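Here's a quick tour of a few spots worth a look. Keep the viewer open as you read along.

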Amino acid sequence: MSTRTFILICFSLCLAVALSQPVPENPGFAYRVSVSGLNVISEALWTTLKKNFDLDPHMIPDQNTSDSMSNHSVSNITFQLSAVPRSNFSFQPPDGVTWTLSKIGFSFACNWSYERQVFFMRENDSGSVRVSVSGLSAVIKTILGRNDREQPTISMTNCSASVEKVSLEIEGSYYQKIYDMMFRNDLVKSEIKKTMTRAACDLVDRAVMRLNNEVFANNPTKSPIFCGRSDLIFDYGLTAAPIVTKSHVQVNHRGMFMLVGDPVGRLGLLKAPKISMPASKYMVSTSKTNYPFNTLSDTIMRSNLSSLYLTRTNLSSTFESILDTTCDNQSICIGTFVSEISKWHENKSMNMMIKLTTRPNLIIKKNSFTLTAGLRTSFILSEPNETDTETLTLDASVSLTGTAYMVNNDTLAGKLIAVKVLFTSASSPFIKSNATFLKRLNQKTDHVLTKLIPRINKWLGVGVELPTQSPQFGLQAVGLKLMFIPGTTIFNFDLALL
């Protein structure tokens, strides 16, 4: 075999292997949690759990079992955590997470009774018991994954536990002295510790199974996005199994809006860009590309939601005057932009039909974003007992560039950098020269926008306060930072206990 033939065969084999590998799907949005972030979350959950048991130690309901031969009852059950355990996570790439818990202490108390048939006699006894456990430690090893329904999964691969001390007190029982002698025996104490360690790992195993079977499995990866429109779907299934590195866990979601029946690959021209999440010192990072917005706009364009009909009745009193044909210099109305309408129909109120003619497209740049769209606006005169009259129809291209930033850790503010509205065509029985009308209209629009943008920026600068606290879980987000990098918007923040 010649060298040339050998090289050709090797190249063909390599190409065949490469083409046979599945192409990884870029996610629409993702979130990343660091080791320190998971440790804070764990501490918050344990603290919340302890507070709940401190407030209501009787959270466990009474238990009763009976059959033809016996009857057992456990009542007045109380459970208390004596201290918040120490918790530490570690990551083992590409999919392993180890959770180490230590210094867990708790007490369990209840009243008990039983009655049973022994040959021809009925035997019964009752009393109270208190079990105290201290120094319980556990090392739980898990693997993160994704199932065929694109839902997250977690499986426990190993669990080891140990207990430093167990004490048991029984009161009120007819056989109390016998019980006391039994539980003072070191062998019995050792067996109780072994039972506790097995019970701890069994409890974790059941919790993992419940998480998979009840939480993950019952959480759909597709859901309707508008009330009354079951055909509009948001697909947030996992594009791959969670990615585990030495420093963080990252979960990637598809983040695609679609119509029922759309195949996942239908939006070939709207492929999600590759998410770029630079190394971060923050505990939590969430990233979002332009993909969710652009698939939403595509879905809207293909449904009957791409138009909006405005009348005075469906606008608030603050904005209803914008539909007037005539207004003073301090106000903004239709006549402000199209003075011809105020001449044709003085002191009237118009209706507006706004329709998307080209799909809105979001482009995320460094430190800013740009939104473009094509619009057709029709001005309609509607008067009682008369047929609606379409007075003017305008086609325009709109481009909006802006940015957003955080203020005082919890307020999201924004700023318009540039707004351009270019009218490209006009249709009206009242227009004599289309070119002259469009030139004058574009000049007037630029003039109005010059005055309007500072007003809008003043309102955007006030911002919207974000919910940064979760009293239910005892957590708060601190040090929020918003970043724009090409193709991606990133929110970074740390976590702290409330």
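## Gln472, out in a loop

Let's start with Gln472, which counts as exposed because its relative accessibility is 59%, and the bar for that label is over 50%. Bear in mind that what you're looking at is a predicted model.

As for where Gln472 sits, look in the loop that runs between strand 21 (469–470) and strand 22 (475–485). If you want to relate Gln472 to another part of the chain, try Ser132: 340 residues separate the pair in sequence, and their C-alpha atoms are 28 Å apart in space.

## Met121 and a nonpolar patch

Next up is Met121, found in strand 6, which covers residues 121–146. Met121 has a relative accessible area of 60%, so this residue is exposed as well.

Met121 also has a share in a nonpolar patch on the surface, together with Val118, Phe119 and Phe120. The patch comes to about 570 Å².

## Asp395, tucked away

Is Asp395 buried or exposed? Its relative accessible area is 16%, so Asp395 is buried; the cut-off here is under 20%. You'll find Asp395 in strand 18, residues 389–407.

And what does Asp395 touch, leaving aside residues up to four places away in sequence? There's Leu375 and Arg376, and then the run of Leu422, Phe423, Thr424 and Ser425. With Ser425 there's a polar contact too: the side chains of Asp395 and Ser425 are joined at 3.0 Å.

Definitions and conventions. Residues are numbered from 1 along each chain as its sequence is written. This is a predicted model: local features need pLDDT of at least 70, side-chain atom pairs count only at pLDDT 80 or more; totals for chains, interfaces and linings use all residues. Side-chain values use heavy atoms; hydrogens and water are left out. Helices (H or I, at least four residues) and strands (E, at least two) are DSSP runs, numbered from the N terminus. Buried means under 20% relative accessible area, exposed over 50%, partly exposed in between (1.4 Å probe, protein chains only). Patches are made of residues with over 30% relative accessible area and no salt bridge: like charges are joined within 9 Å, nonpolar side chains (Val, Leu, Ile, Met, Phe, Trp, Tyr) within 5 Å. Accessible areas come from the Shrake-Rupley method with a 1.4 Å probe; for residues, only the protein chains shown count as cover. A salt bridge is a side-chain nitrogen of Lys or Arg within 4 Å of a carboxyl oxygen of Asp or Glu. A polar contact is a pair of N or O atoms within 3.5 Å; within protein, one must be able to donate a hydrogen and the other to accept it, and residues adjacent in sequence count only if both atoms are side-chain atoms. Contact means heavy atoms within 4.5 Å.
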